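Reader: Hello! I am new to this structure and would love a close look at one part of it. Could you pick a stretch of the chain with something unusual in its backbone, and then walk me outward from there?

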Amino acid sequence: MKTLIKNGTVVNATGTAQADVLIDGETIAAVLAPGSTLLGFDLEGHVDTVIDAAGKYVIPGGIDAHTHMELPFGGTAASDTFETGTRAAAWGGTTSIIDFAVQTTGQRIETGLETWHQKAAGNCAIDYGFHQIIGGVDEFSLKAMESLVDEGITSYKLFMAYPGVFYSDDAQILRAMQKAADLGLMTMMHAENGPAIDVLAEQLVAQGKTDPYYHGIARAWQMEEEATHRAIMLANLTGAPLYVVHVSAKQAVAQVAWARDQGQNVFGETCPQYLYLSLEDQLGATSDEWGAFEGSKWVCSTPLRSREEGHQSSMWQALRTNDLQMVSTDHCPFCMKGQKELGAGDFRAIPNGIGSIEHRMDLMYQGVVTGEITLARWVELTSTTPARMFGLYGKKGVIQPGADGDVVVYDPNGHTSIGLGEGRSHHMNMDYSAWEGYEIDGHVDTVISRGTVVVDAGEYLGTKGHGSFLKRGLSQYLV
Ligand code: DUC
Ligand code: ZN
Ligand code: ZN
């Protein structure tokens, strides 16, 4: 099967070029000057499919390096399965995900990892890899870390939050980082001071402050800044590279920037919710059906931050200046009915998470439209850097000969209305959209995963099981 994408503007992290892209089988075979006859024959007559991308961008498929399909959380589980979540990802121009395999406290890493393989295998519409959550650092986990690289899992996540669930104390973090430094593993950190947050949350509830808004008050920016600093110091001491997930506070960005300025291998991601949504929006959200509990739709951790304090604009700035290097979703969807509503009357029981996997490419393209980032930076933040950060670059994250045929044709003159309402787009397994009413100047027209068209002209053409497991190499940012 040969596909020619002709007349488009190819956008890589390095810049743009007018070029035709030839995909042969699963792989990009050539990137040629438009209409090139270099091969000695008319290419169009020798391919199975021709896609005319005139006036459109041809970009490497999005890579969402932070998703939680079926994550057990707060007595329930994230509502997207690998089947529904990867299908929604494809709809939105994402062709690879890296999900978090979970080791819960008391369980062996090998068991948690095997469970995640079983959940994903044969179910994904697009390619998928895993990071490993270590929910219990002990002698068995430290030993099991030694096998992760061979399994193609070159990054693991620790939590400084959620005592009694995923939490690691400083001694555990130190031990895990020492091991990671030896092995070359990337340490991913959920950096919030969980024990202190739990005290604040308990005090708020005791005062009758139980609405979803208080989730963000308990998880104050000081809790994120302090934990980010502590993680940086422990990484500095051990020599472990550090990747701080879902950065939302401007003070935490400053910590990451400071560490990078010292020459430390510290990286940071943010997520669309921290660029667009705010604590004030959450406070103001009320509906006939849910009242102030409407705000639970945006309960996630780290939490939404105050716009008045300028966190959102700081995130955009950090993405421009490379103080933050990439954008993932932390896709962790829960329905209102039966899931978020577990926390009606006590915000601590609201399952934490927002579903955005389908909208990341569109929402970040709005940054191009509004002049926050360049076209090339859009691709870099959503595809190229995730590939490099997590050992996939060359195969993924770039349009060049030899790379996987993961390509999106994006129409800058198209339009996307997000949400569950009439004529809107939403394919995630949720009964609401955190992005209802968002209007996007741009549209994902065609999505190709390893040479197979999975979305085209508003139609889903993919299949469950097309996606394969990605055995990843070490981070390509580390020497
Ligand atoms: N944050 C979330 O919002 N959901 C899942 C886990 C996390 O850290
Ligand atoms: Zn987290
Ligand atoms: Zn997460």
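**A loop and its surroundings**

Author: Happy to! Let us begin with threonine 302, which sits in the loop between helix H10 (279-284) and helix H11 (311-321). Please keep in mind that this is a predicted model. What makes this spot worth a look is the peptide bond that leads from serine 301 to threonine 302: it is cis, with omega near 0 degrees. For background, most peptide bonds are trans.

Serine 301 also takes us to an enclosed space. Ser301 is one of the residues nearest the centre of the largest cavity, together with His68, Phe73, Tyr162 and Asp330. In total, 15 residues line this cavity, and the space inside comes to about 100 Å³. Sorted by class, its lining has 7 nonpolar, 6 polar and 2 charged residues.

The model has 2 cavities of 30 Å³ or more. The second largest has a volume of about 30 Å³. Pro60, Gly61, Lys395, Lys396, Gly397, Val398, Asp404 and Asp406 form its lining, which divides into 2 nonpolar, 2 polar and 4 charged residues.

Now for an open space. Tyr162, met above at the largest cavity, is also among the residues that lie nearest the centre of the largest pocket, along with Asp198, Arg219, Arg348 and Asn352. This pocket holds about 360 Å³ of space and has 18 lining residues. Of these, 12 are nonpolar, 3 polar and 3 charged. Helix H5 (194-206) and helix H6 (213-218) each give at least two residues to the lining, and the largest share, 3 residues, comes from H5.

Back to the backbone, where two residues have a phi angle to look at. Most residues other than glycine have a negative phi. Asparagine 322, however, has a positive phi of about 70 degrees although it is not a glycine. You can find asparagine 322 in the loop between H11 and strand S15 (326-327), so H11 is a handy landmark: the loop that holds threonine 302 lies between H10 and H11. Asparagine 322 is partly exposed, with a relative accessible area of 29%.

The other residue is glutamate 70, whose phi is near 60 degrees, again a positive value in a residue other than glycine. Glutamate 70 belongs to the loop between strand S6 (62-67) and strand S7 (72-73). With a relative accessibility of 19%, glutamate 70 counts as buried, because the cut-off for buried is under 20%.Next come the cysteines. How many disulfides does the structure hold? The count is 0. As a reminder, a disulfide is a covalent bond between the sulfur atoms of two cysteines. For cysteine 332, the closest cysteine sulfur is that of cysteine 300, at 9.6 Å, which is too far for a bond. Cysteine 335 is in no disulfide either, as the nearest cysteine sulfur, in cysteine 332, is 12 Å away. Cysteine 332 is buried at 4% relative accessibility, and cysteine 335 is buried as well, at 15%.

Further along the chain is helix H12 (residues 360-369), which is mostly covered, with 9 of its 10 residues buried. Among the buried ones are Arg360, Asp362, Leu363 and Tyr365. Just after H12, glycine 371 takes a positive phi of about 85 degrees.

Our last stop is histidine 426, in the loop between strand S16 (407-417) and strand S17 (439-449). Histidine 426 is buried, with a relative accessible area of 14%. A polar atom of its side chain lies 3.1 Å from the backbone oxygen of methionine 428, and the backbone oxygen of methionine 430 lies 3.4 Å from a polar atom of this side chain. Leaving aside neighbours within four places in sequence, histidine 426 is in contact with Glu358, Gly419, Leu420, Tyr432 and Ser433.

Note on methods: Residues numbered from 1 in each chain as written. Chains lettered and ligands numbered in written order. Predicted model: local features only at pLDDT ≥ 70, side-chain atom pairs only at ≥ 80, totals over all residues. Heavy atoms only, no water. 1 Å grid on protein atoms, 1.4 Å probe; cavity = no way out; pocket = protein on both sides within 12 Å on 5 of 7 lines; lining within 4 Å. Points joined across faces, edges and corners; volume = space filled by probe spheres on them. Nonpolar A, V, L, I, M, F, W, Y, C, P; charged D, E, K, R; others polar. Helix = DSSP H or I, 4+ residues; strand = E, 2+ residues; numbered from the N terminus. Buried < 20%, exposed > 50% of the residue type's maximum accessible area, 1.4 Å probe, protein only. Polar contact = N/O pair within 3.5 Å; in protein donor to acceptor, adjacent residues only side chain to side chain. Contact = heavy atoms within 4.5 Å. Disulfide = S-S within 2.5 Å.
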